[in-house]
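User: Please take a close look at the salt bridges in this model. I would like a connected account of where the partners lie and how the setting of each pair is described.

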Amino acid sequence: MNGEELQRIASAALDERKKFDYEVNVCMGTGCLSQHSDHVRDSLTKAAEASGKSCHVRRTGCMGLCAAGPMVLIEPPLTEQAEVRYGHVHESDATEIVDSLGGEPIARLNPQLEGYFKGQHHVVLENSGHIDPEKLDEYVEHDGYKALIRALTEMTPRQVIAEIAASGLRGRGGGGYPTGLKWDTVAKANGAQKCVICNGDEGDPGAFMDRSVLESDPHRVIEGMLIAAYAVGAQEGYIYVRAEYPLAVQRLTAALREARRRGFIGKGICETTFNFDIDIRLGAGAFVCGEETALIASIEGQRGTPRPRPPYPAVRGLWGEPTLINNVETYANIAPIIRKGAQWFSSMGTERSKGTKVFALTGKVRRTGLVEVPMGITLRQVVFDIGGGVPDGKKFKAVQTGGPSGGCIPEEYLDLSISYDALISAGSMMGSGGMIVMDETSCMVDVAKYFMDFCMTESCGKCVPCRVGTYQMHRILNAITTMNGTAKDLAMLEELCDLVKHTSLCGLGQSSPNPVLSTLRYFKHEYLAHIEEHRCPAGVCKAIAEGERV
Amino acid sequence: MAMYTTHPAAPSQDKRWKLVDATMRRTGKTSRGLIETLHKVQEAFGYIDEEALRYVAMSLRVPLSRAYGVVTFYHFFTLKPPGKHTCVICLGTACYIKGADKLIAEAEKLLNVKAGQTTPNGEVSLVTARCVGACGRAPVALFDGELSGQIEVPQLLEQLQGWSAQ
C-alpha cells in the first residue's frame, strides 16, 4: 500500500458512488438498531429495487440523535442539494421515502432538528452516519489512511509528536493530560517492545461516545493508533473494549481483519519497515479498569486492581515495557490533525482546551443523543440550543458531567464555557463526556447516593480509604435520604469526602467524593431539608424508620 | 509439578471445549490468556462452573485461587447457570434518572426474586447492568440480549409474564 494505491481505492469508491443517483443512509448504531433499523434498511432496499430508481441503501454508524431513531439520511451524492434527515422511520415508510427521492422531502417524517445540528462541529464524528463502518474503501474515500501514509513517508516520528504537541490536543478520557507530552515520554523511554493501548473501557454510566465512535468509524481509531505506534516506536497494540458493547466489538473485529488484509497493519506497513499489530481485549465489567494501571493488569490476565504511580505506564506498563494509553476519542482526533495540520486543530476551542469534544447528552432533555461541539461553547448552548431544553414543562435543575468522578452543575453556572479547567473550577470535570440533564423531579441527595453506591460497588478493595470510605459515605447518604440523617452525619460526610479524596490510591477513589462535594456546594439546602425538616424537596426520598432500613 | 507439564484432558467430550482450547492456544497457553479464555468458556457454556475453572487454571498453569479471584472480581463472569431467559435492566445514570429503579422494583415484585437471581424454576434471570451505552434511549432493558429502549413498567411486566407463563 502506498499513496498512489490509496488514491486508486478512493477514486474507485467514488466511481462506485457516482453510479447511483441517490444515497439513502440508515443508522445502524446500537440505539437505532434497538428500534429495528435493520428492518428499515431491508425494506428500503426492497423498495428501491421495486421502484427502479438508482438508489444505494447504506448501513452507517450513529447519526447522533438517538431519541429520534431509527434515523435515515438522504444524501444526494455530489450535488449541492441539502441533506435530508428523517426520524422515527418505520419499515412501512420505505416506499414513500423512495418515491420522494428527487422531489419534496416528506414533512411528516422530518424530526425538526435544525437546532440540533446547528452549533455542532464534527471532527471525530465527521464520517459517522456517512460511511459503512465495515467498508474500508468508504473510509479511504473520505480521506482515510491518508494521514498514516503521510506520517510514514513524509514525517519522522519526532515530527509526528511535535505536530500532535503543537495541536494542543489533550486526553479525551477525562484527565486532560497533553497528548503530545505523553507520546514524547513513551518515545524517549527505553524498552525493547513498546505497546500502544486504546482505552475503550467506557465505564461511566451515562456515556456512550466511545461505543458510537467504535461502531461508526472503527478505521479512524485504528489509524490513530498506527500513527501513535509509529511515533513512539511500538510494535504491539491492544484495544480494550467493554464486553457490554457487542456491536462495537464485531465492527472493530471486521475492521481489523480488513486493515490487516490490505496491509495497513501487520509487517512492513505501507511498504516501509514499520511493523505493528493490534489485538482486541474484552473487558469484563469492572469500572476500575478504566484506570490505566488497572487496565494493564486486566490485559495481563489478572484482577483489575491499580498500582501506585510512578512508575507511570509510559515508563513501565504492559509486560513491564513502556506503554502508551490513550482514549478512543483521543486516537480518533489524530488522523485529522496529521492530515490538516496542528494549526487547523488549535484554531478551534479555547486557550488551553483545543479542538472539539463529543458529549453524550441524555437524561431529562428533549433531544438525547451524541453531540460534538467545539470547546468553549457554553453548557446552556448544549443543553438548551442543541438539546432543546427540558421536556414536559419541567424546570431545569442541574447538569451532571464527568460520570461518577464528576459533579452536578446548577443553573447559575450554565453560561460556563466548556473546557477542562472551567469544569474543574465549577467542581465537576470533563470526564469522558457523559452529560446528564436533571430536572426538578430529581433529588440531588439521591443522585449523590446513586453515584456513591456505584463507587462503593466498583471499588476494587485494594486501598482502605476507598474501600471503607465509600461504604461509610454511602451509609450516611442512605441515612439522609431515609430522613434519619443528623447534622453530625453531615459533618462526618464532609470530613470523609476530604479524607477519601486525598488518600485513595487511584482516580476512582480520589474522585468518588466529587458528586457529594458538588451537590453539597450547590444544593446544600436539599441536604438540610432532609435532615432538619425531614422532607425531600423533589419528592423522591421517603422516610423509613431506622429499624426497617435495609 | 508433574501435573502441570502436560495439558490436562478436557472435562468432557463436549465439542465446545475445542473452542476453549483454541482460545488458549491462540493466547500462547499462558496466564496472559486467562481472561480471554474465561470469556470463551462463558460464551460457550453460559457460565463458568468449578470444573471449567479447574480445567482452565490447570491448562494455563495458573493457581486455582488466582483464577477464582479473577472470575469473582469481574462482574461479567458468572459461576451460576443463567435462567432460560434473561432480563437485564440498565442502571446507568440516564436510566436511573428516568426511573430504572422503579422498573427493577416492579420486576422483583413480579418474579419474586432479587436482582441478580434466577427464579426457582430456572425460567428467568433478573440482572442489572451498570450501563449498556444506549443512554439516548433510556431507560433500557435487554430481553435475551435484545435491547429495548424507552421502556415502561407495563411493557416490562408483559414481557416477563410472557416468559413465566411458558
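Analyst: A residue is called buried when its relative accessible area is under 20%, exposed when it is over 50%, and partly exposed in between (1.4 Å probe, protein chains only). This is a predicted model, in which local features need pLDDT of at least 70 and side-chain atom pairs count only at pLDDT 80 or more, while totals for chains, interfaces and linings use all residues; side-chain values use heavy atoms, without hydrogens or water. Residues are numbered from 1 along each chain as its sequence is written, and chains are lettered from A and ligands numbered from 1 in the order in which they are written.

A salt bridge is a side-chain nitrogen of Lys or Arg within 4 Å of a carboxyl oxygen of Asp or Glu. Over all chains, the whole structure holds 47 of them. One of these joins Glu23(A) to Arg58(A), with the closest N and O atoms 2.5 Å apart. The two partners are 35 residues apart and come from distant parts of the chain, Glu23(A) from strand β1 (residues 22–27) and Arg58(A) from strand β2 (residues 55–60) of chain A. Strands (E, at least two residues) and helices (H or I, at least four) are DSSP runs, numbered from the N terminus. Both Glu23(A) and Arg58(A) are buried.

A second pair is Arg108(A) with Asp93(A), whose side chains meet at 3.2 Å, N to O. Arg108(A) sits in the loop between α4 (94–100) and α5 (114–117) of chain A, and Asp93(A) in the loop between β4 (84–86) and α4, so the bridge ties together parts that are 15 residues apart in sequence. Arg108(A) counts as exposed, at 52% relative accessibility, whereas Asp93(A) is buried at 7%.

Glu244(A) and Arg242(A) form a further salt bridge, their closest N and O atoms being 3.5 Å apart. Glu244(A) is partly exposed, with a relative accessible area of 21%, and Arg242(A) is buried, with 4%. Through shared partners, salt bridges also join Arg17(A), Glu23(A), Arg58(A), Glu75(A), Glu138(A) and Glu141(A) into one network.

Between chain B and chain A, the rule finds two salt bridges. One of them pairs Glu458(A) with Arg130(B), the closest N and O atoms lying 3.4 Å apart. On the chain B side that touches chain A, the elements giving two or more residues are α2 (34–45), α4 (64–73), α5 (93–97) and β4 (146–148) of chain B. By class, that side has 16 nonpolar, ten polar and eight charged residues; here Ala, Val, Leu, Ile, Met, Phe, Trp, Tyr, Cys and Pro count as nonpolar, Asp, Glu, Lys and Arg as charged, and the others, Gly among them, as polar.

The wider interface gives the setting for the Glu458(A) bridge to Arg130(B). Contact means heavy atoms within 4.5 Å, and by that rule 34 residues of chain B touch 53 residues of chain A. The two chains bury about 3,400 Å² between them, 57% of it on carbon and sulfur atoms. Phe73(B), Ile97(B) and Arg130(B) lose the most area to chain A within chain B, together 20% of what that side buries. Buried area is the accessible area (1.4 Å probe) that two parts lose on being put together, summed over both. Arg130(B) therefore appears both in a salt bridge and among the residues that lose the most area, as area is defined above.
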